[in-house]
Amino acid sequence: MLDDILVGLIYLSLIMGLVSLAGVLAWLAEKVPAFGRLIDRLIDSTLLSDDSEYFYDEEEDDLMNRIVKILMERDDLTRAEAEERLEETRQMMSDCEYDPIECEEIMYSELGLELDYIFDLLL
């Protein structure tokens, strides 16, 4: 029984310490804008990795769709060209009323991508 209470107190202490640290970091980010930007970049680069739907683009300082990133790297397109191709593909899928078979063919023929990327295209 006493062991359970001790373990509970240790967990509570850890949680309170993390909450305090988060409060200090938030206060510091508010008071020192450069620190706030640093924290934002750290969060963006950590949370928005290759497994996420969007990527952080340091040059544009915003989020970029995963398909746009693939098209830029694989096909050597500019960001504008890749985004235009993505919009054209979205329109083609809309025109076919999102028929699954046609959508798969459109994705492969227009983007060279499998249906795995459908949510990146639609959202």
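Asp and Glu are counted here as negative, and a patch joins residues of like charge within 9 Å that have over 30% relative accessible area and no salt bridge. In the predicted model described here, a negative surface patch in this sense is formed by D76, E81, E84, E88 and E110. The contribution of helix α4, which spans residues 79–95, is the greatest, since three residues of the negative patch come from this helix. Among the members of the patch, E84 is placed in helix α4, and its relative accessibility is 49%, so that E84 counts as partly exposed. E88 likewise has its place in helix α4; because its relative accessibility is 42%, E88 also falls in the partly exposed class, which lies between the limits of 20% and 50%. Another member of the patch, E110, is 22 residues away from E88 along the chain, yet the C-alpha atoms of E88 and E110 are separated by 8.9 Å.

With regard to the overall arrangement, the protein contains six helices and two strands, and the order of these elements, read from the N terminus, is α-α-β-β-α-α-α-α. Of the 123 residues in the protein, 20% are buried, where burial requires a relative accessible area under 20%.

The interior was examined next. In soluble globular proteins, nonpolar side chains tend to be buried together. In the present model, the largest nonpolar core consists of 14 residues, and within this core the residues with the most contacts are I67, M93, L111 and L121. At least two residues of this core are supplied by each of the helices α3 (66–75), α4, α5 (100–111) and α6 (118–122). The greatest share comes from α5, which gives four residues to this core. Helix α4 thus takes part both in the negative patch, to which it gives three residues, and in the largest nonpolar core, to which it supplies at least two.

Nonpolar side chains are also found at the surface. A nonpolar surface patch of about 570 Å² is made by M1, L2, I5, L6 and L9. One of these residues, L9, is found in helix α1, which comprises residues 2–31. The relative accessibility of L9 is 48%, and L9 is therefore classed as partly exposed; this value is over the 30% that membership of a patch requires.

Technical notes:
Residues are numbered from 1 along each chain as its sequence is written. This is a predicted model: local features need pLDDT of at least 70, side-chain atom pairs count only at pLDDT 80 or more; totals for chains, interfaces and linings use all residues. Side-chain values use heavy atoms; hydrogens and water are left out. Patches are made of residues with over 30% relative accessible area and no salt bridge: like charges are joined within 9 Å, nonpolar side chains (Val, Leu, Ile, Met, Phe, Trp, Tyr) within 5 Å. Accessible areas come from the Shrake-Rupley method with a 1.4 Å probe; for residues, only the protein chains shown count as cover. A salt bridge is a side-chain nitrogen of Lys or Arg within 4 Å of a carboxyl oxygen of Asp or Glu. Buried means under 20% relative accessible area, exposed over 50%, partly exposed in between (1.4 Å probe, protein chains only). The place of a charge is taken as NZ of Lys, CZ of Arg, CG of Asp or CD of Glu. A nonpolar core is a set of buried Ala, Val, Leu, Ile, Met, Phe, Trp, Tyr and Cys residues joined through side-chain atoms within 4.5 Å.
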